[in-house]
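Me: I should like to learn how to read the features of a structural model. Please take them in turn, with the general idea before the case.

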Amino acid sequence: MIVETNNTTLIAISNNKNATQRQKDAKLIRIAGNDILKSEQFKRVAGQKHHIRTTVGEHCMHVARAMLVLNRLFGNSNEIDIIRASLWHDVGIYDRKSFKNSREMAAAHPKRSLAIARKKDHLTEEQKDMI
């Protein structure tokens, strides 16, 4: 696991030989995205149903884990950027009724998510692009 940070806690997670990769990723997500997970914006959407079988919060966590795996196989992105962008990516669907239909929501919510994230977070260019 490549973690570009000065935070020794994150480095220690990647070096823990007793934990499975899934456990390491879950811990990394909780630490790197702690402020997002605790934010009012994330909490507002976290419990909403999403993609039939899940919630927005579960979906964002799953996206973060999946993107970490894909990045290790095919990419070269910073894992912190991946985690933070994954957690922010669906906060823009907080008011589903404001969209005319699912198609409009699919097209518009990423822009809303990015606008919310920009107000609450100092985003890297890569994070902006990912959201």
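Me: In what order do the elements of the protein chain run from the N terminus on?
Reply: One begins with the order of helices and strands. In this predicted model, the elements run α-α-α-α-β-β-α-α-α-α from the N terminus on. The protein chain thus has eight helices and two strands.

Me: What share of the residues of the protein chain count as buried?
Reply: Burial is read from the relative accessible area of a residue, with under 20% counting as buried. Of the 131 residues in the protein chain, 45% count as buried. The accessible surface comes to about 8,100 Å², and carbon and sulfur atoms hold 52% of that surface.

Me: Among contacts between residues at least 6 apart in sequence, what percentage join residues at least 24 apart?
Reply: Here one sorts contacts by separation in sequence. In the protein chain, 55% of the contacts between residues at least 6 apart join residues at least 24 apart.

Me: How many residues has the largest nonpolar core, and which have the most contacts inside it?
Reply: A nonpolar core is a set of buried residues of certain nonpolar types joined through side-chain atoms. The largest one has 27 residues, and I29, F42, I83, L87, W88 and I131 are those with the most contacts inside it. Two or more residues come from each of α2, α4 (40-46), α5 (56-74), α6 and α7. Helix α6 gives the most to this core, with six residues.

Me: At what angle do helix α2 and helix α6 pack?
Reply: One compares the directions of the two helix axes. Helix α2 (residues 21-32) and helix α6 (residues 79-88) pack at about 75 degrees, with their axes 10 Å apart. Because angles of 65 to 115 degrees count as roughly perpendicular, α2 is roughly perpendicular to α6.

Me: Which residues meet where α2 packs on α6?
Reply: L28, I29 and A32 in α2 meet E79, I80, I83, R84 and L87 in α6. By class, this contact has six nonpolar, no polar and two charged residues. I29 also appears among the core residues with the most contacts. Leaving aside residues up to four places away in sequence, I29 touches N34, L37, M61, A64, R65, L68, I83 and L87.

Me: Is M105 buried or exposed?
Reply: One sets its accessible area against the cut-off. M105 has a relative accessible area of 16%, and therefore M105 is buried. M105 lies in helix α7 (residues 102-120). Beyond residues up to four places away in sequence, M105 touches I93, R96, F99 and P110. From M105 to D95, ten residues apart in sequence, the C-alpha to C-alpha distance is 9.6 Å.

Definitions and conventions. Residues numbered from 1 in each chain as written. Predicted model: local features only at pLDDT ≥ 70, side-chain atom pairs only at ≥ 80, totals over all residues. Heavy atoms only, no water. Helix = DSSP H or I, 4+ residues; strand = E, 2+ residues; numbered from the N terminus. Buried < 20%, exposed > 50% of the residue type's maximum accessible area, 1.4 Å probe, protein only. Contact = heavy atoms within 4.5 Å. Axes fitted to C-alpha atoms, helices over the stretch in contact; angles between N-to-C directions. Parallel < 35°, antiparallel > 145°, perpendicular 65-115°, else oblique. Nonpolar A, V, L, I, M, F, W, Y, C, P; charged D, E, K, R; others polar. Areas by Shrake-Rupley, 256 points an atom, 1.4 Å probe, with all protein chains shown as cover. Core = buried A, V, L, I, M, F, W, Y, C linked by side-chain atoms within 4.5 Å.
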